[in-house]
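Let's take a walk through a protein model together. Keep the sequence and the 3D view open while you read, and find each part as it comes up.

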Amino acid sequence: MPRQLSDWLANYMKVTQRTESPELYHIWSALAAISSALQRKCYCDWGELRGNVYPNMFIALVGPPGGRKGSAMKIAKRMVQNLEIPMGSDSLGSTPALYKEIMDSESSYIDSKGIERKHKSLSIWAEEFQVFLSDRDQTLIPSITDLFDCADRWIYKTLSRKGEDLSNCWLTIIGAITPSLLQSRLSQDAVGGGLISRIIFVVGQGAKQKIALQYLTDEEIEIYENLNKDLQEIAQLNGPFKMDKSFFNVYIRWYENSTNEDGVPNDRFMGYNSRRALHLNKLCMLISASESNDMVITDKHFNIALA
């Protein structure tokens with residue numbers, strides 16, 4: 001079916017403009033919604049040496065208590081819930097619980113060649129991210145770190161020596177947390193182990209404005225309804241995103257001329273700086289899917305992602 005809206009992300013921002021949450025929270029909640037809709041059914045093929053890159057994201061909305069982090073998440077989360085796709089519990093708290101939810105999420109789709117493809121795609125929307133990042137299970141953070149790469153084959157051995165098959169797994173996470181709780185939950189091991197290089201930290205300083213009545217206008221209600229319809233369309237996409245010549249031109253120029261100093265100027269973010277190209281590729285897929293069903297990535301999408 002044709003899209004109702006020309007750009008899902010732009011119209012989402014229009015609907016949420018008269019709320020109190022910072023715009024960055026809305027942008028990244030919307031991107032998480034598109035990611036959740038695409039699941040492991042979509043990817044970019046980077047050849048035999050690098051393999052496929054999938055549109056999953058790890059996103060942390062960081063800000064003070066009462067900073068409207070959860071408020072921003074709730075709007076996009078309701079749209080994702082309407083898709084009736086697998087969504088994880090806010091408070092898993094252990095590696096076995098996380099793995100079980102991933103295994104239970106198994107589904108399939110028919111690709112363009114008529115072949116049935118199975119995948120295990122799970123989206124986690126944790127409004128209390130500190131509950132999810134439990135310190136009771138010391139293997140949870142390393143497990144989340146490993147899951148970011150969406151392994152084609154992954155067999156997990158339980159204590160009873162039983163093999164749990166998590167092959168073709170996919171995990172996207174968005175959570176809300178305060179700076180102090182983030183610091184206490186993400187130990188030096190999490191930093192050194194690579195988890196923060198896989199997370200996009202979206203920082204807000206509190207409510208951007210005070211709006212007593214946040215009702216939508218008739219025009220915004222129509223847009224909101226069309227956003228839900230188009231997210232259903234996005235969820236039907238499958239197969240590879242095609243990267244056109246204009247994308248490769250700007251990507252190669254950026255990649256070969258960028259340095260780690262172009263990222264976050266902090267030693268703790270050296271891992272993140274080295275992964276910026278990967279994050280950009282994931283974002284390009286989300287931005288392309290926001291605009292149309294053609295699944296083509298251009299220089300325009302790269303420039304938006306980089307910004």
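**A tour from the inside out**

What covers the buried residues of H1? The list includes H2, helix H4 (69-82), helix H10 (218-234) and H13. Those labels come from DSSP runs, numbered from the N terminus: helices (H or I) have at least four residues and strands (E) at least two. "Buried" is a cut-off too: under 20% relative accessible area is buried, over 50% is exposed, and partly exposed lies in between, using a 1.4 Å probe and protein chains only. Covering here goes by contact, which means heavy atoms within 4.5 Å.

Before going on, some ground rules. This is a predicted model, where local features need pLDDT of at least 70 and side-chain atom pairs count only at pLDDT 80 or more, while totals for chains, interfaces and linings use all residues. Residues are numbered from 1 along each chain as its sequence is written, and side-chain values use heavy atoms, with hydrogens and water left out.

Back to helix H1, which spans residues 8-15 and has six of its eight residues buried. The buried ones are Trp8, Leu9, Asn11, Tyr12, Met13 and Val15. Two of these names, Trp8 and Tyr12, turn up again in the largest nonpolar core, among the residues with the most contacts inside it. That core has 87 residues, and Trp28, Leu38, Leu98, Ile234 and Phe241 are also on its list of best-connected members. A nonpolar core is a set of buried Ala, Val, Leu, Ile, Met, Phe, Trp, Tyr and Cys residues joined through side-chain atoms within 4.5 Å.

Now zoom in on Phe241. Leaving aside neighbours within four places in sequence, Phe241 is in contact with several residues, including Leu38, Cys42, Tyr43, Met285 and Met295.

Next, look for an open sheet of four strands in the order E2-E1-E10-E11, with mixed pairing. The edges are strand E2 (52-53) and strand E11 (296-297), each pairing on one side only. Two strands count as paired if DSSP finds at least two bridges between them. Strand E1 (residues 42-45) runs antiparallel to E2, and two bridges link the pair. You can spot Asp45 standing opposite Asn52 in E2.

Another good stop is strand E5 (116-126). Eight of the eleven residues of E5 are buried, so the rest of the structure largely encloses this strand. Strand E4 (residues 106-110) is antiparallel to E5 and joined to it by five bridges; Glu106 has Lys120 as its bridge partner in E5. The two strands make a hairpin with five residues between them, and Gly114 in the turn has a positive phi of about 80°. E5 also pairs with strand E8 (residues 169-177), this time in the parallel sense over seven bridges, with Ile124 opposite Ile173 in E8.

Which residues other than glycine have a positive phi? Cys150 is one, at about 55°, and Met295 is another, near 55°. Most residues other than glycine have a negative phi. Cys150 lies in the loop between helix H7 (140-147) and strand E6 (155-157), and counts as buried because its relative accessibility is 2%. Met295 is in the loop between H13 and E11 and is buried as well, with a relative accessible area of 9%.

Finally, the open spaces. On a 1 Å grid over the protein atoms alone, a pocket is an open set of points with protein on both sides within 12 Å along at least five of seven lines, and lining residues have an atom within 4 Å of a point. Grid points are joined across faces, edges and corners, and a volume is the space filled by probe spheres set on the points.

The largest pocket holds about 860 Å³ of space. Of its 31 lining residues, the closest to the centre are Ile199, Ile200, Phe201, Phe269 and Tyr272. H13 gives the most to this lining, with five residues. By class, the lining has 24 nonpolar, five polar and two charged residues. Here Ala, Val, Leu, Ile, Met, Phe, Trp, Tyr, Cys and Pro count as nonpolar, Asp, Glu, Lys and Arg as charged, and the others, Gly among them, as polar.

The second largest pocket has a volume of about 420 Å³. Tyr43, Asn52, Tyr109, Asp111 and Arg117 are the closest to its centre, out of 17 lining residues. That lining divides into four nonpolar, six polar and seven charged residues.

Definitions and conventions. 1 Å grid on protein atoms, 1.4 Å probe; cavity = no way out; pocket = protein on both sides within 12 Å on 5 of 7 lines; lining within 4 Å.
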